[in-house]
Amino acid sequence: MMVIQRTLSIIKPDATRRNLIGKINAKIESAGLRIIAQKMLRLTKEQASAFYEVHAERSFYEDLCNNMIRGPVVVQVLEGENAISAYRDVMGATNPASAAPGSIRHEFGESIDLNSVHGSDSVDTAQKEIAFFFSQIEIL
Ligand code: CMP
């Protein structure tokens, strides 16, 4: 079934450092997803830890949070048909080594830790993650 959804995207510090914001946004827009909110910010350790709270018990949590604060991120709200799964296709698999050709992570990801982008994984998560970064008046 086709439904219009919104999902949260983060262009991570490894990608902003390599000047990839435009190339990543081109892939997003080429896939028919609309960027309906976007801002650049630098996360504090507390903010990164809170955002990734769901992974708090995982072995990679500390590295993940540290990688997210190494430089600026671009947080975005994407909208379109089945936006959550559509963006997961555009991103490719979490590990760039397994990501499909043409996907963001295949083209730009350096490793599972430095995989250039994050995207919400469900309707529930998308709602929470969008509200984490954006207020209602910031979203078109
Ligand atoms: P992301 O979509 O931002 O969600 C959590 C991040 O943790 C993930 O992308 C990866 O960059 C990172 N990570 C590191 N190791 C793993 C792992 N074994 N499984 C899942 N995510 C991992």
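User: How do you know that Lys12 makes a polar contact with the ligand?

Analyst: A polar side-chain atom of Lys12 lies 2.7 Å from a ligand oxygen. That counts as a polar contact because the cut-off for a pair of N or O atoms is within 3.5 Å. Keep in mind that this is a predicted model, where local features need pLDDT of at least 70 and side-chain atom pairs need 80 or more, while totals for chains, interfaces and linings use all residues. Numbering runs from 1 along each chain as its sequence is written, and side-chain values use heavy atoms, with hydrogens and water left out.

User: What makes Ile112 and Asn115 polar contacts too?

Analyst: Ile112 uses its backbone, with an N or O atom 2.6 Å from a ligand oxygen. Asn115 uses a side-chain N or O atom, 3.2 Å from an oxygen of the ligand. Both values pass the cut-off, so both pairs are polar contacts. On its own the ligand exposes 450 Å², and the protein buries 80% of that (Shrake-Rupley areas, 1.4 Å probe).

User: Which residues are around the ligand, and what classes do they fall into?

Analyst: Among them are Lys12, Tyr52, His55, Phe60, Leu64, Arg105, Asp113 and His118, given that a heavy atom within 4 Å of the ligand is enough. By class, the shell has four nonpolar, four polar and three charged residues. Tyr52 counts as nonpolar and His55 as polar because the scheme puts Tyr with the nonpolar types, and His with the rest, outside the charged Asp, Glu, Lys and Arg.

User: Where does the ligand sit, and why is that place called a pocket?

Analyst: The ligand sits in the largest pocket, which means that more than half of its atoms lie within 2 Å of the pocket's grid points. The place is called a pocket because its points form an open set (1 Å grid over the protein atoms alone, protein on both sides within 12 Å along at least five of seven lines, lining atoms within 4 Å of a point). Its volume is about 690 Å³. Of the 26 lining residues, Tyr52, Val54, His55, Leu64 and His118 are closest to the centre.

User: What does helix 7 give to the two pocket linings?

Analyst: Helix 7 gives the most to the lining of the largest pocket, five residues. The second largest pocket, about 170 Å³, takes the largest share of its lining from helix 7 as well, four residues. That second lining divides into five nonpolar, three polar and one charged, whereas the largest pocket's lining has eight nonpolar, eight polar and 10 charged residues.

Terms used
A polar contact is a pair of N or O atoms within 3.5 Å; within protein, one must be able to donate a hydrogen and the other to accept it, and residues adjacent in sequence count only if both atoms are side-chain atoms. On a 1 Å grid over the protein atoms alone, a cavity is a set of points where a 1.4 Å probe fits but cannot get out, and a pocket is an open set with protein on both sides within 12 Å along at least five of seven lines; lining residues have an atom within 4 Å of a point. Grid points are joined across faces, edges and corners, and a volume is the space filled by probe spheres set on the points.
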